[in-house]
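Colleague: Could we go through the internal cavities of this model together? I would then like to turn to the sheet and the domains.

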Amino acid sequence: MNGSVNGSRVLVLNSGSSSVKYQLLDMADGSRLASGIVERIGEGPVADHSAALKQVAEELAARGLGLDSPELAAVGHRVVHGGTRFTEPTLITDEVVEEIEKLVPLAPLHNPANVTGIKVARALRPDLPQVAVFDTAFHATMPEEAARYAIERETADRYGVRRYGFHGTSHAYVSRATAALLGRDVSEVNTIVLHLGNGASASAVRGGVCVDTSMGLTPLEGLVMGTRSGDLDPAAIFHLARVGGMSIDEIDTLLNKRSGLLGLCGDNDMREIGRRMGESDPAAQLAFDVYIHRLRKYVGAYTAVLGRVDAIAFTAGVGENSAAVREAAMRGLPAFGIEVDAVRNAVRGASARLISTEASRVAVAVVPTDEELEIASQTFELVAA
Ligand code: ADP
């Protein structure tokens, strides 16, 4: 839309509730010129998001990469929830900011901070194109049967209760990078992407198009995560309220912040859980086993959804680093055409690599995600078009 773009640099901003992460990338060669994080917003010297973004601007300026640089083509903002309104990267206008604010009830923890980051960045450089890249967007292609919950339609529609999915930027990037690793066009490859970070989600991607994902209305659904329960019988909530006398907010905190690996064993870091399993700690072992069982169920489900699976890609902190999780998740599945090579799986590395045997019909891979690069690419593509 803006043929007059001169620079090739994109500043990516990820404004969370208490931190702002940033990266400056040069899209001419994909290089990373700067990255950093301003933390503990609201405590101590960084009073608010405005102060945090000013600090980002100062850190960049100190390195000769200031926001006033003519090389800067655009700012790309990560926005968690795009609802059904935003299914593509979107050039930010006043109207777009208002629409993102309207989605706050769907993502009360995330969208307000994203909006604040956008407003402050626009105030700093009103003339610069700024783009919102939504975590939900890649999943907008899910067919209705995957996106719908089986509840009364009128009620669901009135309150926007449907499955949106998250981590979409990562699932998009990793599904394409997996096809590239296989030397095939993404349109020919069916992939199950397992994004296993502190938050975790799986997706079924047919020929580059998302057809199902494990997170739903919010990031709570699906896999066992660091501190989130993932799937559970919704009646557990009624039970905790009626029998346990817990309020809705208490249950929300329980399921989002005190459950998952942390709730099962007191630790949410897979490294620590691995260490404790080495000491035969039963709670750590149980947490690991529940995590793996859920993961395997999704692999089975998405195999059925896709019909033919060409690749399974592990990504994010746990997926990229834990050979034990990958081994346990893929164990005993030769009937599915899945065979992991123990030696390949044990090799550590920073680049995308295959860990399956030569005989494995399904390619199993470790594919490091790069959400910032993906946000920058989508941003630059839009403003340079
Ligand atoms: P986030 O969801 O916060 O972006 P990451 O993708 O960075 O999370 O993943 C963070 C998680 O990765 C940590 O909580 C930890 O459990 C896991 N992790 C990081 N390094 C390792 C490792 N070497 N072995 C096992 N797990 C690891």
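**Cavities, sheet and domains**

Modeller: In this predicted model, the count comes to 2 cavities of 30 Å³ or more.

Colleague: What volume does the largest cavity have?

Modeller: The volume of the largest cavity is about 80 Å³.

Colleague: Which residues line the largest cavity?

Modeller: The lining consists of Leu11, Leu13, Leu53, Val56, Ala57, Leu67, Val75, Ala121, Leu124, Arg125, Leu128 and Gln130. By class, 10 of these residues are nonpolar, 1 is polar and 1 is charged.

Colleague: Which elements each supply at least two residues of that lining?

Modeller: These are β1 (9-15), α1 (49-62) and α3 (111-124). The largest share, 3 residues, comes from α1.

Colleague: And the second largest cavity, what is its volume?

Modeller: The second largest cavity has a volume of about 40 Å³. Arg9, Leu11, Leu24, Leu60, Leu65, Gly66, Leu67, Ser69 and Leu72 form its lining.

Colleague: How many residues of that lining are nonpolar, polar and charged?

Modeller: The lining of the second largest cavity has 6 nonpolar residues, 2 polar and 1 charged. Leu11 and Leu67 appear in the lining of the largest cavity and also in that of the second largest.

Colleague: Let us move to the sheet. In what order do the strands run?

Modeller: The open sheet is formed by 6 strands in the order β3-β2-β1-β4-β6-β5, and the pairing is mixed.

Colleague: Why is one side of β3 and of β5 left without a neighbour in the sheet?

Modeller: Both β3 (31-38) and β5 (90-91) stand at the edges and have a single partner strand each, so one side of each lacks a neighbour in the sheet.

Colleague: Is the pairing of β1 and β4 parallel or antiparallel?

Modeller: β1 pairs with β4 (residues 72-79) in the parallel sense, over 5 bridges. Within this part of the sheet, Leu13 stands opposite His77 in β4.

Colleague: Which strands does α3 touch?

Modeller: α3 packs on the sheet and touches β1, β4 and β6 (130-134). The direction of α3 makes about 165 degrees with that of β4. As noted for the largest cavity, α3 and β1 are among the elements that each supply at least two residues of its lining.

Colleague: A last topic: which domains does the assignment give for the chain?

Modeller: The domain assignment gives domain 1 (9-134) and domain 2 (184-371).

Colleague: What distance separates their centres?

Modeller: Taken over C-alpha atoms, the centres of domain 1 and domain 2 are separated by 29 Å.

Technical notes:
Residues numbered from 1 in each chain as written. Predicted model: local features only at pLDDT ≥ 70, side-chain atom pairs only at ≥ 80, totals over all residues. Heavy atoms only, no water. 1 Å grid on protein atoms, 1.4 Å probe; cavity = no way out; pocket = protein on both sides within 12 Å on 5 of 7 lines; lining within 4 Å. Points joined across faces, edges and corners; volume = space filled by probe spheres on them. Helix = DSSP H or I, 4+ residues; strand = E, 2+ residues; numbered from the N terminus. Nonpolar A, V, L, I, M, F, W, Y, C, P; charged D, E, K, R; others polar. Domains from an automatic or database assignment. Pairing = 2+ DSSP bridges. Contact = heavy atoms within 4.5 Å. Axes fitted to C-alpha atoms, helices over the stretch in contact; angles between N-to-C directions.
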